[in-house]
Amino acid sequence: SVGDYDRSLSYYSEISTQVQEMDTIINLGFILFDCSPLKYSIVAHCNKWLNRFHDVLFDTASKKLGDICNFIAENSAKLEADPETLTDLGNSLNLLERIQTSDVPNIESQFKPLNDQFNMLHQHEVLVSEVVEVQHKSLQSGWTSFQQCLVNADSRLKKHKEKFKTGLLHSAEDFKKTITHISEEFESKGPFKAEVSIPEAFEFMERMRSQLNALKAQENEIRMGLNIFKIDQPPSHVILLLEKDLEHLEQIWGLAKEWQTSWDTWKVGTFKSLATEEMGLQAQTLLKNLNKVAREVKEKTDWTICGSLKERIETFKRTMPLIQDLKNPAMRERHWQQLRGEVQKPFDHNSPEFTLEKIIEIGLDQYSELIGEISGAASKELAIEQALQGIESSWKDLALDIAPYKDRGHFKLRSTEEMFQMLEDNQVTLSTMKASLYMKAFEKDIDKWERTLSHILEVVEMILQVQRQWMYLENIFIGEDIRKQLPKESTEFDSVNKNWKTIMTRL
């Protein structure tokens with residue numbers, strides 16, 4: 001504060017004066033003291049601090065003076081300029097209000113401290129530049145002129161307000177007409193029909209979005225202008241409805257574009273490469289999003305694009321079970337031949353040209369029930385086919401349990417329990433197959449295996465029966481006494497024994 005500066009300057013000035021008045025040379029007894037270096041040092045120290053305080057005080061006062069002068073000059077220029085737009089008018093009115101209510105009292109409260117600072121500079125004979133001195137002397141008159149500028153600006157802005165208010169009200173009326181025109185164009189030319197192409201729909205929506213953004217910007221400008229005159233105008237109900245309808249339309253056509261992109265990819269994909277699960281999930285997601293929008297525009301009865309797109313996606317979804325049936329790995333050539341005979345149309349399911357689009361083109365989607373029956377029968381037949389393959393594989397890999405018998409080069413069929421169990425199981429399986437409605441394609445194979453298994457059973461039982469008799473006789477004719485007593489029978493046994501040994505060795 002000014003008081004702090006005054007106390008500090010007075011303090012150092014007083015010390016400097018007192019030190020200068022003191023004697024430089026002092027006699028104390030027989031000692032002579034020369035205090036001139038100390039005296040000069042203290043005086044120099046005081047002068048140094050005095051100069052610093054002078055500089056700070058001058059800088060503070062001149063800066064504050066410059067700020068006030070700049071404030072007057074800058075705001076005088078702003079207030080004297082005529083507003084060319086509503087924004088300029090609003091800025092000028094806000095500036096005038098702020099200056100009158102806040103800045104003027106604040107600056108006027110700075111005049112006395114500023115004058116005290118300059119008086120102190122003069123009192124301590126601090127050199128003030130001519131430019132600063134002129135600014136200080138002309139401050140009061142400049143401030144008086146600025147206050148008159150405020151009065152003139154207030155009067156002039158009131159006249160401009162009336163002129164802008166009249167123009168603004170005309171603009172508001174024209175704006176309402178523009179809104180009505182654009183709304184009518186949207187209702188009459190909007191892409192609500194399914195016949196509109198996707199590029200045409202997006203072109204219209206982009207143009208309408210651009211116009212709507214311009215309308216919203218114009219509306220904000222008008223509302224801000226009316227707010228200057230304390231006139232409250234709510235947002236346009238027509239614009240809000242138009243923007244809502246446009247957003248719904250953009251969502252619907254966005255889904256239509258996404259669907260068309262996916263369909264264009266799927267329809268040319270080869271039949272075997274179709275990822276039906278992924279396609280179904282994507283179609284379900286699109287339909288879910290479409291239904292959400294459809295609920296919000298259900299009163300828009302003329303928006304046929306919504307229903308048409310929904311129908312296309314649902315039709316596609318209905319073909320997914322059909323595609324899955326056709327892709328059934330159980331489908332064999334006989335099933336495809338049966339399908340071609342039913343639909344009376346030639347096609348090659350292995351051809352690269354057999355695509356989803358081709359399936360729709362030849363009308364297979366109209367035979368979904370028939371295809372489902374054929375595919376279901378193919379799955380049932382596959383079970384029979386795999387069971388027959390299992391029977392064949394098990395007998396192909398079966399090894400008879402034959403081991404050496406005694407030490408005379410003979411062999412014996414040992415355990416047959418597993419074989420007989422497998423025979424029994426296979427015969428039951430074949431009997432079940434014969435009772436199935438889907439055995440016709442395998443009737444010959446089933447009959448063949450029934451005969452084969454019966455023959456195997458007969459042969460194994462015969463081997464076991466012969467083996468038991470041979471083992472019994474072998475124990476009899478092995479003794480020399482019996483062989484001497486029954487030479488003819490022994491010779492016959494040796495012949496049979498030789499043949500049996502050959503047969504078992506082969507097995």
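Leaving aside its neighbours within four places in sequence, which residues is His335 in contact with? Let me start there and work outwards. One caution before I do: this is a predicted model.

So, His335. You'll find this histidine in helix H10, which covers residues 333-343. Its relative accessibility is 3%, so His335 counts as buried, the cut-off for that being under 20%. As for its company, once we set aside anything within four places in sequence, His335 is in contact with Ala330, Ile374, Ala378 and Glu381.

Stay with H10 for a moment. Its buried residues are His335, Trp336, Leu339, Arg340 and Val343. Look down the axis of H10 and those buried residues fall within an arc of 140°, so they line one face of the helix. If you want the general reason for that kind of spacing, an α-helix has 3.6 residues a turn, so residues three or four places apart point the same way. And what sits over the buried residues of H10? The cover includes H9 and helix H12, residues 368-396.

Now step off the end of the helix. Just after H10 comes Gln344, with a positive phi of about 60°. Gln344 sits in the loop between H10 and H11. Is Gln344 buried or exposed? At 65% relative accessibility, Gln344 counts as exposed. I'd flag the phi when you go through the backbone, as it is a positive value in a residue other than glycine. Most residues other than glycine have a negative phi.

Back to Leu339, since this leucine takes us into the core. The largest nonpolar core has 94 residues, and Leu339 is one of those with the most contacts inside it, along with Phe316, Leu326 and Leu364. Which helix gives the most to this core? That's H5, residues 139-189, with 14 residues. As for Leu339, again leaving out neighbours within four places in sequence, this residue is in contact with Leu326, Phe347, Leu370, Ile371 and Ile374. You'll remember Ile374 from the His335 list. Apart from the largest core lies another one, of 25 residues, and among them are Leu388, Ile391, Trp395 and Leu453.

Next, helix H8, residues 276-296. A quick geometry check: at 1.5 Å a residue, its 21 residues should span 30 Å, and the end C-alpha atoms are 31 Å apart, which agrees. In H8, the buried set is Thr276, Met279, Ala283, Leu286, Leu287, Leu290, Val293 and Ala294. Seen down the axis of H8, these fall within an arc of 125°, so they line one face of the helix. That buried set packs against three helices: H7 (237-266), H9 (304-326) and H11 (356-361). Turn to the other side of H8 and you get exposed residues, namely Glu277, Glu278, Leu281, Lys288, Lys292 and Arg295.

Where do we find strands pairing? Strand S3, residues 402-405, and strand S4, residues 410-413, pair in the antiparallel sense, over four bridges. To pick out one partnership, Ala403 is bridged to Lys412 in S4. The two strands form a hairpin with four residues between them, and Lys406 in the turn has a positive phi of about 55°. In the loop that runs between H12 and S3 you'll see Ala399, which is exposed at a relative accessible area of 63%.

Ala399 also gives us a feel for the overall dimensions. Ala399 and Ile182 are 217 residues apart in sequence, and C-alpha to C-alpha they are 90 Å apart in space. For another pair, take Tyr40, which lies in helix H2, residues 36-80, and is exposed with a relative accessible area of 57%. Tyr40 and Arg209 are 169 residues apart in sequence and 85 Å apart in space, C-alpha to C-alpha.

Zooming right out, then. The protein chain comes to 16 helices and four strands. Along its principal axes the C-alpha trace spans about 175 × 100 × 30 Å. A compact globule of 507 residues would have a radius of gyration near 23 Å, but this chain has 57 Å. Buried residues make up 36% of the 507. And if you take contacts between residues at least 6 apart in sequence, 75% join residues at least 24 apart.

How values were computed:
Residues are numbered from 1 along each chain as its sequence is written. This is a predicted model: local features need pLDDT of at least 70, side-chain atom pairs count only at pLDDT 80 or more; totals for chains, interfaces and linings use all residues. Side-chain values use heavy atoms; hydrogens and water are left out. Two strands pair if DSSP finds at least two bridges between them. Buried means under 20% relative accessible area, exposed over 50%, partly exposed in between (1.4 Å probe, protein chains only). Contact means heavy atoms within 4.5 Å. The expected span of a helix is 1.5 Å times one less than its number of residues. The arc is that of the directions from the helix axis to the C-beta atoms. A nonpolar core is a set of buried Ala, Val, Leu, Ile, Met, Phe, Trp, Tyr and Cys residues joined through side-chain atoms within 4.5 Å. The radius of gyration is taken over C-alpha atoms; the globule rule is 2.2 Å times the number of residues to the power 0.38.
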